[in-house]
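Please read the points below with the structure open beside you, and check each one as you go. They follow one residue outward to its surroundings.

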Amino acid sequence: MRPLKSAGMALRIARIIAKAILWFIGLSLLLVIAFKWVPVPVTATMLMDENGVTKDWESLDNIDPNLIAAVIAAEDSKFCEHWGFDTEAIEQAARENAKGGRIRGGSTISQQTAKNVFLWQGGGYFRKGLEAWFTFWIEAVWGKERIMEVYLNVAETGIGTYGAEAGSQRYFDHSAARMTADEASRMAVALPKPKSRSVRNPGGWLARHGNSVERRIGIVKRDGLDACVYE
């Protein structure tokens, strides 16, 4: 009788796991579909932020094209070419990280958006697997314009500050609808580490990186590297 009991227990566990997987798939797809149209109200990162949350959702029409071009130049120059994953960037990051020194990421804007909206900060293979799942679906359901809009509204732009509008008001005292190339580049290069990178008075490597991104804003616009955002 013991083998039968063990088999029954294994079957019940398998059913529970199967139901949990189906619930996860259904709920995750429901959220993806909903957020294609509805502003993201809050994220796990915001909920866990001890500094509080200042945010102000704005449509992409109310965010200056300079910032869109700047984040593409700084974070993901192939944003309009890939379907969520830049394999070359991932491989290059892995090679550079293996050599030691400053850790380099290989995440696209789509991956960062998936992480920021649906998951939590930090690494680990489990979270990266979930990130890949959500990245695939937002690429398929949202499209590039919506991905960029959500990214620029939920990304942490400073201590307790989220989104382009709140960041622009904090650092430049005006709306994100009218950002200069210099302002946009300074905000873009601070995005990976908004709590420690200065937007108002960057220095050293950060200032040089910002100047480089500012120059590349013109290249992004000239070569249409941001064209998918406006289709």
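1. In this predicted model, S168 is buried, because its relative accessible area is 0%, and buried here means a value under 20%. The residue belongs to helix α8, which covers residues 164–172.

2. Leaving aside residues up to four places away in sequence, S168 touches D173, H174, S175, A176, M179 and M187. One of these, M179, is eleven residues from S168 along the chain, and the C-alpha atoms of the two are separated by 7.8 Å.

3. Which backbone atom lies 3.4 Å from a polar atom of the side chain of S168? Please look for the backbone oxygen of S175, since this is the atom found at that distance from the serine side chain.

4. The helix that holds S168, α8, packs with helix α9, made of residues 181–190, at an angle of about 115°, and the axes of the two helices are 11 Å apart. The angle therefore makes α8 roughly perpendicular to α9, and the crossing of α8 and α9 is right-handed.

5. Where these two helices meet, the α8 side contributes A164, G167, S168, Y171 and F172, while the α9 side contributes E183, R186 and M187. Sorted by class, the contact of α8 with α9 has four nonpolar, two polar and two charged residues. S168 is thus worth following from point to point, as it is listed both among the α8 residues that meet α9 and as a residue that touches M187.

How values were computed. Residues are numbered from 1 along each chain as its sequence is written. This is a predicted model: local features need pLDDT of at least 70, side-chain atom pairs count only at pLDDT 80 or more; totals for chains, interfaces and linings use all residues. Side-chain values use heavy atoms; hydrogens and water are left out. Helices (H or I, at least four residues) and strands (E, at least two) are DSSP runs, numbered from the N terminus. Buried means under 20% relative accessible area, exposed over 50%, partly exposed in between (1.4 Å probe, protein chains only). Contact means heavy atoms within 4.5 Å. A polar contact is a pair of N or O atoms within 3.5 Å; within protein, one must be able to donate a hydrogen and the other to accept it, and residues adjacent in sequence count only if both atoms are side-chain atoms. Axes are lines fitted to C-alpha atoms, for helices over the stretch in contact, and angles run from 0 to 180 degrees between N-to-C directions. Angles under 35 degrees count as roughly parallel, over 145 as roughly antiparallel, 65 to 115 as roughly perpendicular and the rest as oblique. A crossing is left-handed if the near helix is turned anticlockwise from the far one by less than a right angle, and right-handed if clockwise. Ala, Val, Leu, Ile, Met, Phe, Trp, Tyr, Cys and Pro count as nonpolar, Asp, Glu, Lys and Arg as charged, and the others, Gly among them, as polar.
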